[in-house]
Amino acid sequence: MENFEISEDVLCLKAVKFLKNEDFALFSGGDGSIQNPYRISDGKQFSNISKKPESSYLQINDIHVSDFVKSFKGTYDGNGFLIKSLRIMHDFEEKSAMFIENYGTIKRVIVSDGYIHGAKQSAGLVIDNYGTVELCAFSGEVAGADASGLCFTNHQNALISQCLFTGRATAQYCATGICGNNNGEILNVYSSANIMGMSSGGLVYNNYSLISDSYFGGTAIGESAGIANTNSGRIKDSYSLDIIPVFSDYGATEGVEVRSDIQMKSSSGFAGLDFYVIWEINMTDGYGYPTLKNVLHQNINHEQNTNE
């Protein structure tokens with residue numbers, strides 16, 4: 001009998017084929033690169049992100065999600081499709097959100113009718129953001145001992161840009177619409193949500209860095225303020241519906257003002273916002289306040305928004 005040797009090249013080809021088959025089982029295509037991201041077409045595939053947290057992903061249709069990603073270092077592009085009926089309920093977990101830690105980029109994620117509930121820290125998208133969150137929207141309810149509509153802590157050098165939160169943030173202690181603690185930059189965001197806590201901030205609870213070109217157009221209950229409950233950083237060109245913008249101010253503010261319902265429906269009431277590139281007012285969408293051109297307000301489920 002002859003002896004046959006299998007070359008290393010053949011073994012490598014078999015290994016590559018196995019990996020490709022494994023990826024195909026996990027996702028709906030792609031190779032995880034920036035040029036050819038893995039395709040996400042259902043909630044199970046979203047759960048599989050945890051197996052390859054440093055890769056790039058592209059959502060290719062509306063999906064239902066009931067799981068979370070613990071630590072993410074890649075790029076997730078929601079592609080403007082919906083994440084419907086998001087349900088993450090961790091009554092005994094310290095942190096609850098779609099992504100617990102983000103070191104990468106999360107963009108164009110639109111959550112419709114979401115519900116996040118945790119024992120301590122809860123947020124709609126991210127608990128600890130060390131990267132970038134942009135062009136995202138969350139509609140629904142976030143609840144916990146402390147709750148925030150999008151992000152719990154935006155860390156130093158991190159960015160939240162062109163995002164919105166509608167619905168309800170409910171907390172035993174501190175509740176906020178966009179971010180609990182800001183040490184990075186928050187630019188061009190808004191919330192039209194109902195914020196309920198012992199104390200609350202319409203957009204941010206503690207601001208240690210920069211908030212700019214943003215507004216709060218919802219309602220806040222408790223020891224509350226529209227833009228930030230406590231400011232030790234800088235707030236620029238930001239506006240609040242009917243309540244004081246800052247409760248305790250130890251930092252710098254410029255162009256931070258209260259607006260009435262009538263003023264909120266005119267671009268002249270928002271001198272600092274860019275209505276050429278980023279913002280617009282559409283009086284036919286049933287909302288009437290400024291919206292982001294690149295994150296369509298009417299794509300979001302507003303049934304829980306008490307401001308409408």
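Is Ser122 buried or exposed? In this predicted model, Ser122 is buried, its relative accessible area being 0%. That value falls under the 20% limit, so the residue is classed as buried.

The position of Ser122 was then examined in terms of secondary structure and surroundings. Ser122 belongs to strand β12, which covers residues 121-123. Its side chain comes to 2.8 Å from the backbone oxygen of Ala143. Ala143 also appears among the residues in contact with Ser122 once neighbours within four places in sequence are set aside. The other members of that set are Ser96, Ile116, His117, Ile127, Val142, Gly144, Asp146, Ala147, Ser148 and Phe152.

Charged pairs were considered next. Side chains of opposite charge can pair when their charged atoms come close. The model contains 9 salt bridges, and three of these pairs are described here, beginning with Lys84 and Asp62.

The side chains of Lys84 and Asp62 form a salt bridge with an N to O distance of 3.7 Å. Lys84 is located in strand β6 (residues 82-84), whereas Asp62 occupies the loop between β2 (56-59) and β3 (63-64); the pair therefore ties together parts that lie 22 residues apart in sequence. Both partners are partly exposed: Lys84 has a relative accessible area of 32%, and Asp62 one of 34%.

A salt bridge is also found between the side chains of Asp113 and Arg87, with 3.5 Å from N to O. This pair links distant parts of the chain, as Asp113 is in strand β11 (residues 110-118) and Arg87 in strand β7 (residues 87-90), 26 residues apart. Asp113 is partly exposed at a relative accessible area of 25%, and Arg87 is likewise partly exposed, at 30%.

In the pair formed by Lys95 and Asp128, the side chains meet in a salt bridge at 3.1 Å, N to O. Distant parts of the chain are again linked: Lys95 lies in strand β8 (residues 95-96) and Asp128 in strand β13 (residues 126-129), with their positions 33 residues apart in the numbering. The two partners fall into separate accessibility classes. Lys95 is partly exposed, at 28% relative accessibility, whereas Asp128 is buried, at 8%.

Strand β8 (residues 95-96), which holds Lys95, is thus tied by a charged pair to strand β13, while Ser96 is one of the residues in contact with the buried Ser122.

Conventions. Residues numbered from 1 in each chain as written. Predicted model: local features only at pLDDT ≥ 70, side-chain atom pairs only at ≥ 80, totals over all residues. Heavy atoms only, no water. Helix = DSSP H or I, 4+ residues; strand = E, 2+ residues; numbered from the N terminus. Buried < 20%, exposed > 50% of the residue type's maximum accessible area, 1.4 Å probe, protein only. Polar contact = N/O pair within 3.5 Å; in protein donor to acceptor, adjacent residues only side chain to side chain. Contact = heavy atoms within 4.5 Å. Salt bridge = Lys/Arg side-chain N within 4 Å of Asp/Glu carboxyl O.
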